[in-house]
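Morning, everyone. Let me put the structure up, and then I'll walk through strands and charges.

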Amino acid sequence: MIEEITLKVPDPLFAIINPLMKFLLRSPLHHFWSHSLMLITFVGRKSGRIYTTPVRFIRNGEAILCFTSAENQWWRNLRGGSEVRLLVGGKEGTYYAEARREPDETKTLLTHYLGLFPQDAVYHDIRLRKDKSLNPEDLEHAVRKAVVVEATVARTPADP
């Protein structure tokens with residue numbers, strides 16, 4: 001089966017796209033994008049600076065998941081778990097987020113995610129077949145580089 005070529009947005013364009021998406025997701029027009037895009041705000045472990053980045057997400061039960069590549073830097077601030085703020089669907093809340101790299105879990109979750117958003121396969125270096133299924137060899141390679149970030153609603157000490 002012939003592989004389909006999907007175009008990737010050049011990295012330098014994210015310097016324009018990310019600030020625009022931050023603005024739009026915080027605006028009254030957010031509903032056009034907020035069904036699949038959210039803002040995650042976290043504190044840099046070394047710098048102490050506050051960072052906010054737009055990411056695509058899916059829900060997994062009560063958890064909110066997003067995916068990135070180990071080559072990216074931002075997820076490293078969430079290793080071992082950290083409190084974050086998420087703006088999801090126009091509503092902001094405090095969450096506990098953790099970045100994980102467990103191959104079996106990552107493969108299952110990434111496959112589900114890319115089934116919903118096949119256009120994102122290119123960002124994980126996975127080619128799509130004509131029927132939009134994932135190239136299995138590419139998926140195996142991508143799982144070794146993929147990071148799953150799972151966020152759950154932060155609980156206060158009085159919560160059960």
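Start at leucine 65. Its bridge partner in strand 9 is glutamate 150. That pair belongs to a longer run: strand 5 and strand 9 are antiparallel, with 6 bridges between them. Keep in mind that this is a predicted model.

Now the other neighbour of strand 9. Strand 9 covers residues 146-153 and also pairs with strand 7, again antiparallel, again over 6 bridges. Take tyrosine 96 as a marker here. Its bridge partner in strand 9 is threonine 152.

Follow strand 7 to its next partner. Strand 6, residues 82-88, runs antiparallel to strand 7, residues 91-100, and 7 bridges join the two. Where does the hairpin turn? There are 2 residues between strand 6 and strand 7. Valine 88 stands opposite lysine 91 in strand 7. Glycine 89 takes a positive phi near 60 degrees in this hairpin.

Past strand 7 comes a loop. Glutamate 102 sits in that loop, between strand 7 and helix 2. Is glutamate 102 buried or partly exposed? Partly exposed, because its relative accessible area is 41% and the partly exposed class runs from 20% to 50%. Glutamate 102 also gives us a distance back to strand 9's stretch of sequence. From glutamate 102 to valine 149 is 47 residues in sequence, and 11 Å in space, C-alpha to C-alpha.

On to charges. Side chains of opposite charge can pair when their charged atoms come close. How many salt bridges does a search of the whole structure find? The count is 8. I'll show three.

First, aspartate 120 with arginine 56. Their side chains meet in a salt bridge at 2.7 Å, N to O. This pair links distant parts of the chain, 64 residues apart. Aspartate 120 is in the loop between helix 2, 103-116, and strand 8, 128-129, while arginine 56 is in strand 3, residues 50-56. Aspartate 120 counts as buried, because its relative accessibility is 8%, and buried means under 20%.

Second, glutamate 105 with arginine 100. The closest N and O atoms of this salt bridge are 2.5 Å apart. What about exposure on each side? Arginine 100 is buried, at 13% relative accessible area. Glutamate 105 counts as partly exposed, at 25% relative accessibility.

Third, aspartate 125 with lysine 145. Here the side chains meet at 2.9 Å, N to O. Aspartate 125 lies in the loop between helix 2 and strand 8, and lysine 145 lies in helix 3, residues 136-145, so the pair ties together parts 20 residues apart in sequence. Aspartate 125 counts as partly exposed, at 41% relative accessibility. And this pair has company. Glu71, Asp125 and Lys145 form one network, joined by salt bridges that share partners.

Last item: positive charge on the surface. Which residues gather in the patch of positive charge? Arg45, Lys46, Arg76, Arg79 and Arg101. Let me pick out one of them. Arginine 79 is in the loop between strand 5, 63-69, and strand 6. Arginine 79 counts as partly exposed, because its relative accessibility is 45%.

To recap. Strand 9 pairs antiparallel with strand 5 and with strand 7. Strand 7 also pairs with strand 6. The aspartate 120 to arginine 56 salt bridge spans 64 residues of chain. Five minutes for questions.

Conventions. Residues numbered from 1 in each chain as written. Predicted model: local features only at pLDDT ≥ 70, side-chain atom pairs only at ≥ 80, totals over all residues. Heavy atoms only, no water. Pairing = 2+ DSSP bridges. Helix = DSSP H or I, 4+ residues; strand = E, 2+ residues; numbered from the N terminus. Patch = residues over 30% accessible without salt bridge, like charges linked within 9 Å, V, L, I, M, F, W, Y side chains within 5 Å. Areas by Shrake-Rupley, 256 points an atom, 1.4 Å probe, with all protein chains shown as cover. Salt bridge = Lys/Arg side-chain N within 4 Å of Asp/Glu carboxyl O. Lys, Arg positive; Asp, Glu negative; His and termini not counted. Charge placed at Lys NZ, Arg CZ, Asp CG, Glu CD. Buried < 20%, exposed > 50% of the residue type's maximum accessible area, 1.4 Å probe, protein only.
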